[in-house]
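The following exchange asks how particular descriptions of a protein and its ligand are justified. Each reply sets a computed value against the criterion it must meet.

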Amino acid sequence: MTIVIALANQKGGVGKTTTAVNLGAGLAAAGKKVLIVDADAQGNATSGVGISKADIKEDIYDVLINEVPMKETIMATQRDGLDIVPATIQLSGAEIELTPQMARETRLRESLNQVKANYDYVLIDCPPSLGLITINAFTASDSILIPVQSEYYALEGLSQLLNTVELVKKHFNKNLKIEGVLLTMYDSRTNLGVQVKMKCKVL
Ligand SMILES: Nc1ncnc2c1ncn2[C@@H]1O[C@H](COP(=O)(O)OP(=O)(O)OP(=O)(O)O)[C@@H](O)[C@H]1O
């Protein structure tokens, strides 16, 4: 059975993309079939797995807005077992374009449902916001892995993130779970690092 995990935190630069790419590559190296869905307009997961922007014909924007079947956007990477649905900067307009559309919260789930049986794991790299794209990711996922950077404002905004999870559970995906908090850029030699780790443990 396929496991779909969203990497999410509306704070920027906490390690969502780095985790998606490395977890994806690690799972593929362990013999699993993995699809990364790049849902961030910066397209860093796309370039992170070695895809050149010039080679992308259709991307996640076309899936969400133009209803292009996801299988037509999937690109193989150089690593066996690791595929990606790429993102480009055109995704930055998608939040606004999705707003008046029918089934705007469930579009990613519906398109993913057509391909996910081909994979053991699907990892969705979310943008640094709690907008419609992140809601689409939560609606399509079994669980959410929350990278938290070990820094001063690490836990700020986490309650908003958890509220969004509750709303998605209530309206679109009652089985959605929190996979866990992943502490990134942790330095055990600093008091701050140790304090953030303790706070994450009591969450
Ligand atoms: N575990 C880590 N240790 C050290 N540096 C890291 C780690 N994870 C990520 N970084 C670095 O932190 C920066 C931000 O990481 P990344 O792009 O993965 O974050 P992000 O949450 O996806 O960002 P955004 O919110 O902009 O999408 C990058 O320069 C990355 O190389």
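Q: What makes the pair formed by a backbone N or O atom of T17 and an oxygen atom of the ligand a polar contact?
A: In this predicted model, the two atoms lie 2.8 Å apart. A polar contact requires N or O atoms within 3.5 Å, so the pair qualifies.

Q: How do you know that V14 and G15 also make polar contacts with the ligand?
A: A polar backbone atom of V14 is 3.0 Å from a ligand oxygen, and a backbone N or O atom of G15 lies 3.0 Å from an oxygen atom of the ligand. Both distances are within 3.5 Å, therefore both pairs count. The protein covers 60% of the 630 Å² of accessible area that the ligand has on its own.

Q: Which residues surround the ligand, and how do they divide by character?
A: The shell includes K11, K16, D40, P128 and M185. The shell comprises three nonpolar, six polar and three charged residues. Gly counts as polar, so G12, G13 and G15 belong to the polar group.

Q: Why are V63 and R107 called lining residues of the largest pocket?
A: Lining requires an atom within 4 Å of a pocket point; V63 and R107 are among the residues that line the largest pocket, so each meets that cut-off. The volume of this pocket is about 180 Å³. Its lining holds six nonpolar, two polar and three charged residues.

Q: Which helix gives the most to that lining?
A: α5 does, with three residues; α3 (60-65) and α5 (107-113) each supply at least two.

Q: What is the basis for assigning the name "AAA" to residues 4-178?
A: The name comes from a UniProt domain annotation in an unreviewed entry. In the model, this span is 34% helix and 17% strand, with its end C-alpha atoms 12 Å apart.

Key. Residues numbered from 1 in each chain as written. Predicted model: local features only at pLDDT ≥ 70, side-chain atom pairs only at ≥ 80, totals over all residues. Heavy atoms only, no water. Near = heavy atom within 4 Å. Polar contact = N/O pair within 3.5 Å; in protein donor to acceptor, adjacent residues only side chain to side chain. Areas by Shrake-Rupley, 256 points an atom, 1.4 Å probe, with all protein chains shown as cover. 1 Å grid on protein atoms, 1.4 Å probe; cavity = no way out; pocket = protein on both sides within 12 Å on 5 of 7 lines; lining within 4 Å. Points joined across faces, edges and corners; volume = space filled by probe spheres on them. Helix = DSSP H or I, 4+ residues; strand = E, 2+ residues; numbered from the N terminus. UniProt positions renumbered as here; feature names shortened; annotations may be inferred.
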